[in-house]
Amino acid sequence: MKIILLGPPGAGKGTQAKRLAETLKVPHIASGDLFREHQEKNTELGRLAKSYMERGVLVPNEVTIRMILGRIESPDCSRGFVLDGFPRSIEQAQALEQALSKKKDKIDKVLFINVPEEELTRRLGGRLICRICQTPYHRESSPPKRSMLCDRCGGELYQRADDTPEAVKKRIQVYAAETAPLVEYYKREGILEEINGKGPIEQVGKALVGAVRD
Ligand code: AP5
């Protein structure tokens, strides 16, 4: 199964992609997580990505496409993957399609998690993420069992630099301009399924698994 999770910042892509990938026993590939890992290691790519991410704008296509296409070439992706945060523009979607079609392969389903803007702002304002495994939490709706420590790996939790009100506003604008057109793009391909992302995490998760198994 080759799945894309599409949705605005804060829709729950990271939360749900981790769970869905575990259910399907395939890797979870998140472009934002990969960039943050590079930043933690202070690589050249990490330093480049940081300068874009802090402003809430997209990292240039060239480096992003190379990073993701390289990752899905790995042997652990041969049975499938869950993509989270990529593609984020028509150009990225076309690059992915071309790379897969060279191997006579294709994306099976695009799951679009739809959440109203006021809820996105509330979610991102209270989000904490793990410095090691990048699992997302929320101060109110899904707090960790131990204060500021990850339930999965015990890593330290922190607030992302791009979860400030200014950066969140910018990210939502960038989503509307660059990424939202992908909804129509994948609808035309006949592989898009829309999921109401407003309910509790468990409920949204069940809807996603149901859509994949349809
Ligand atoms: P990225 O890390 O991908 O951020 P994003 O797309 O803005 O998405 P988020 O991680 O903010 O939200 P999410 O949908 O994963 O929500 P989450 O599950 O955490 O990208 C960051 C930056 O990297 C970009 O701005 C760009 O600069 C760069 N970048 C990345 N990919 C790129 C690409 N392809 N091209 C170019 N640049 C790229 O949930 C959010 C919160 O809500 C959490 O606190 C969670 O606990 C809570 N929550 C989740 N679900 C629910 C629910 N159902 N009910 C209540 N609370 C919930």
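**Exercises on helix packing and ligand contacts in a predicted model**

**Exercise 1.** In this predicted model, determine how helix H6 (residues 117-125) is placed against helix H7 (residues 165-179).

*Solution.* Begin with the geometry: the two helices pack at an angle of about 140°, and their axes are 11 Å apart. Angles over 145 degrees would count as roughly antiparallel, so H6 is classed as oblique to H7. The crossing of H6 past H7 is right-handed. Next, identify the residues in contact: H6 contributes Glu117, Leu120, Thr121 and Leu124, while H7 contributes Val168, Arg171 and Ile172. Sorted by class, this contact of H6 with H7 comprises four nonpolar, one polar and two charged residues.

**Exercise 2.** Describe the packing of helix H2 (residues 31-40) against helix H4 (residues 61-72).

*Solution.* The angle is about 100°, with the axes 11 Å apart. H2 and H4 are therefore roughly perpendicular to each other. On the H2 side, the contact involves Ser31, Leu34 and Phe35; on the H4 side, Thr64, Met67 and Ile68. Four of the residues in the contact of H2 with H4 are nonpolar and two are polar, with no charged residues.

**Exercise 3.** Which residues are closest to the ligand, and which atoms of Ser31, Gly85 and Arg127 lie close to ligand atoms?

*Solution.* The ligand is surrounded by 37 residues, the closest being Thr15, Val57, Arg88, Arg127 and Arg171. Consider the ligand nitrogen atoms next. A side-chain N or O atom of Ser31 is 2.7 Å from a ligand nitrogen, and a backbone N or O atom of Gly85 is 2.9 Å from a ligand nitrogen. Finally, a ligand oxygen atom lies 2.6 Å from a side-chain N or O atom of Arg127.

Notes: Residues numbered from 1 in each chain as written. Predicted model: local features only at pLDDT ≥ 70, side-chain atom pairs only at ≥ 80, totals over all residues. Heavy atoms only, no water. Axes fitted to C-alpha atoms, helices over the stretch in contact; angles between N-to-C directions. Helix = DSSP H or I, 4+ residues; strand = E, 2+ residues; numbered from the N terminus. Parallel < 35°, antiparallel > 145°, perpendicular 65-115°, else oblique. Left-handed = near helix turned anticlockwise from the far one by under 90°. Contact = heavy atoms within 4.5 Å. Nonpolar A, V, L, I, M, F, W, Y, C, P; charged D, E, K, R; others polar. Near = heavy atom within 4 Å. Polar contact = N/O pair within 3.5 Å; in protein donor to acceptor, adjacent residues only side chain to side chain.
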